[in-house]
Amino acid sequence: MVHANAVDIEEMRGKLLTLDDVRERLATTEPLGDRVFEAPQAQIRLEDGWAAGGDDTALAPAYLRVSNGPDGPATEYRLTKQAALEVGAFCRLPRKLQEAAPTDLVQTWVNRILTENMARYKEVKLLVRPGQDIGTALTNHTIQPFSNLQFLDILLDGIQRAYGEGEVLADYKFHHDLERTNLRLVVPGQQRVIAGTRVADDTWSAGIQFRNSLAGIEQTEIMGYLFRWWCTNGCTDTLAQVPALSRRQTPDPDDAYEWAREAVDQILGSLEGSFEAVQATTQLQVAPDQVAATVRDLFAEHGVPTRHRERIISELAEVGEDMTVYDVMQAVTVVANADGVSPDATEQLLSLGGHIAHAASTDRCGECRRILPAGFSAN
């Protein structure tokens, strides 16, 4: 097996984010105020170019006018592009259509739906910047935002309990806005060298993956994360995780934070076994006549989009002889780091990498040695 040069961890560290970087980005959306109102009380006003630009968190020439009752003056909130799109989505207009359609048609449709068809919605909630008439997200009136900054402190406390004081960095595959936060913390000092790969000194570090939504659109989840310093890819540990937090069962933020404290302790306590699973993949050969079938099964089971399938296959074509399950896992997770990959796809591919690590040693066909789908039964 050909071994590439060892990675310079100090050089790769410079690609990661500091905790100050993370806090600064999270603080752009906290703290939050809110305005609760009935949908027919609101009307939207859009100016040309409101949906232009790639930054959904930036202020747009879009305004939501909310009545304060029959006798009071209305309040007009300026909206971010994201909030304006959410108002349209609330009125059953797909976001892509909103961005492509003429402004006057979008405005007419949204206002008609708000006035005539939304009476069944007793109340909705506009998340606003404190002390400012700026709306940043629209959500169900029952949603109470769970603070990303408070979750971050809880994760760091858990890391310190497990590993002691030391450096913590964040993977640059970091996405944050009001709808979704995807954060992956890496503990450089908690290292494991994986032997028998194509890289000399193939060093990995332990970590935590966290997902949240201030607007309550996504579930809150905490999972184990293994970070590979070579190419800065890694995988989500599909076994080192706890069930996602149910907002219906846990609407109170204090209960959510207590859940997080328990979850991080449980997850970090099981990561050593996950490193063993990754190590085991280096000894599992993938026969040349089974490569196509193996990846086809994985793509189908996990719904990998065609454009990402092609990139993964291209990565595997570079591997050459003596392919192992470890090589397959790395081809998948390298693509998760590629330019132009959405946060959803990044999460999907990292999770697939974690699935491969754990399933490869136990969930394989006894004859052809292909990785079997989750829950497979021959009966």
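**Exercise 1. Describe how helix α6 (residues 148-163) packs against helix α7 (residues 253-268) in this predicted model.**

Solution. Start with the geometry: the two helices pack at an angle of about 35°, and their axes are 9 Å apart. These are the two quantities to look for, because two packed helices are described by the angle between their axes and the distance between the axes. Next comes the handedness: α6 passes α7 in a right-handed crossing. Now find the residues that touch. On the α6 side, they are Gln150, Phe151, Ile154, Leu155, Gly158, Ile159, Arg161, Ala162 and Tyr163. On the α7 side, they are Ala256, Tyr257, Ala260, Arg261, Val264, Asp265 and Leu268. Finally, sort the residues of this contact by character: eleven are nonpolar, two are polar and three are charged.

**Exercise 2. Find the angle at which α10 (residues 306-317) and α11 (residues 325-336) cross, and decide how to class it.**

Solution. First, fit the picture of the two axes: they come within 9 Å and cross at roughly 135°. An angle over 145° would count as roughly antiparallel, and 65 to 115 as roughly perpendicular. The value for this pair falls in neither class, so α10 and α11 are oblique to each other. As a further step, note that α10 passes α11 in a right-handed crossing.

Then look at who meets whom. From α10 come His308, Arg311, Ile312, Glu315 and Leu316. Their partners in α11 are Asp327, Val328, Ala331, Val332, Val334 and Val335. The residues of this contact divide into seven nonpolar, one polar and three charged.

**Exercise 3. Trace the open sheet of six strands and say which strands stand at its edges.**

Solution. Walk across the sheet and you meet the strands in the order β1-β5-β6-β4-β3-β2, with mixed pairing. At the edges stand β1 (33-37) and β2 (42-46). Each of these has a single partner strand, so one side of each is left without a neighbour in the sheet. To picture the twist, note that neighbouring strands are turned by 40° against each other on average, direction ignored.

**Exercise 4. Work out what surrounds strand β6 (residues 134-140).**

Solution. Take one partner at a time. With β4 (residues 75-80), β6 pairs in the parallel sense over two bridges. With β5, β6 pairs in the antiparallel sense over five bridges. Gly135 of β6 is a handy landmark here: Leu79 stands opposite Gly135, and so does Val128.

Follow the hairpin of β5 and β6 next. Five residues lie between its strands, and Gly131 takes a positive phi near 75° there.

Now look for a helix. Helix α3 (residues 81-90) lies across β2, β3 (59-66), β4, β5 (124-128) and β6, and runs at about 35° to β6. Last, check how covered the strand is: six of the seven residues of β6 are buried.

**Exercise 5. Step back and give the overall make-up of the protein.**

Solution. Count the elements: there are twelve helices and twelve strands. Then consider burial: buried residues make up 50% of the 379 residues. To finish, look at the contacts between residues at least 6 apart in sequence, of which 68% join residues at least 24 apart.

How values were computed
Residues numbered from 1 in each chain as written. Predicted model: local features only at pLDDT ≥ 70, side-chain atom pairs only at ≥ 80, totals over all residues. Heavy atoms only, no water. Axes fitted to C-alpha atoms, helices over the stretch in contact; angles between N-to-C directions. Helix = DSSP H or I, 4+ residues; strand = E, 2+ residues; numbered from the N terminus. Parallel < 35°, antiparallel > 145°, perpendicular 65-115°, else oblique. Left-handed = near helix turned anticlockwise from the far one by under 90°. Contact = heavy atoms within 4.5 Å. Nonpolar A, V, L, I, M, F, W, Y, C, P; charged D, E, K, R; others polar. Pairing = 2+ DSSP bridges. Buried < 20%, exposed > 50% of the residue type's maximum accessible area, 1.4 Å probe, protein only.
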